[in-house]
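Student: I should like a close look at a single part of this protein. Please set that part in the context of the whole chain and of the confidence of the model.

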Amino acid sequence: RITQLLDKLREDRLNVAFVAEFSRGKSELINAIFFPYYGSRILPSTAGRTTMCPTELMFDPDKPPSIELLPIETRESNASISEYKRFPTEWSVVPLETESAEAMQEALRSVSEVIHVAPEVAEKYGFARGDKNSSLIRLTEDGTVEIPRWRHAIINFPHPLLKQGLVILDTPGLNAIGTEPELTLSLLPNAHAILFILAADTGVTKSDIDIWRNHIARGQAGRRGRLVVLNKIDGLWDDLKSEGEIEGEIQKQVKSTCELLGVPANQIYPVSAQKALVAKVQSDSRLLEKSRLAA
């Protein structure tokens, strides 16, 4: 604990964790904030699961732009991710060509890579054995289990906000949070702020509440550092409804979220990450304002 505190004093960075269940638009939100000037999606952002392992987005001027990937096999040892950061030879490094959108997309797909292993091997790495209902673990027809190839990823990228010391922690969904103890014991509790992303079109689901209660709130839901992003408000936009009616629907979802999560309304931000990304790519100021990303 003393070593961690000394590291924090030395690095002087602001750590913000993005936490969400699958398909809440978390990767799209990161794309809209950090990568719109590439003119396309840089982080994988399709339906279902895209972030397979905890990923840190940061900038270290002493290293070239790259992705450092820690193999899932390192879970066999008792060493933590923090300890592995002191041993660069244990990580696989993928260079980032920051001038090319296509090269960036290709390199960042590596974060989503999976491998197929025997069920007993998956269990040894901390994954539930043969859990067919898990949104993280997939039992294939040949009897093997599909698991993430990497335990942790660090993306070193020269974005102006990251250069100032901002560090984004992009986390997988509920099942992955449960399988990487360091997330719940160290990375999430030590984050200066947590952005919890929900989907306005589905509202707060049971799995959302499980993540909130077990991994984020824990008696401190009222802290200013616990913010809720109510994403996908464009799903509530309806050409047959007036602006007032649409706003009423959005505020109804905000009120419901307040009650279910126990957070004040001023800590809940309704946005459309997808429309914000489109607006930035197309330089559409009206759509950007309507997306509410600026808030």
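**Helix H11 in its context**

Tutor: The mean pLDDT of this predicted model is 85, and 87% of the residues reach 70 or more. The confidence is not even along the chain: pLDDT stays under 50 over residues 130–135. For that stretch the model has 7 contacts beyond four places in sequence. Where pLDDT is low, the predicted coordinates should not be read in detail.

The setting of the helix may be given next. The protein has 295 residues, of which 50% are buried, and its secondary structure comprises 12 helices and 12 strands. Among contacts with a separation of 6 or more, 76% are between residues 24 or more positions apart. The exposed surface comes to about 14600 Å², with 51% of it supplied by carbon and sulfur atoms.

The part chosen for the close look is helix H11, which spans residues 273–282. Its buried residues are Ala273, Ala276, Leu277 and Ala279. Viewed down the axis of H11, these buried residues fall within an arc of 165°, and therefore they line one face of the helix. As to what this face meets, the buried residues of H11 pack against three elements: helix H2 (26–34), strand S11 (226–231) and helix H12 (285–291). Just after H11 comes Ser283, whose phi is positive, at about 55°.

In summary, H11 presents one face lined by its buried residues, and those residues pack against H2, S11 and H12.

Notes:
Residues numbered from 1 in each chain as written. Predicted model: local features only at pLDDT ≥ 70, side-chain atom pairs only at ≥ 80, totals over all residues. Heavy atoms only, no water. Helix = DSSP H or I, 4+ residues; strand = E, 2+ residues; numbered from the N terminus. Buried < 20%, exposed > 50% of the residue type's maximum accessible area, 1.4 Å probe, protein only. Contact = heavy atoms within 4.5 Å. Areas by Shrake-Rupley, 256 points an atom, 1.4 Å probe, with all protein chains shown as cover. pLDDT = per-residue confidence, 0-100. Arc of directions from axis to C-beta.
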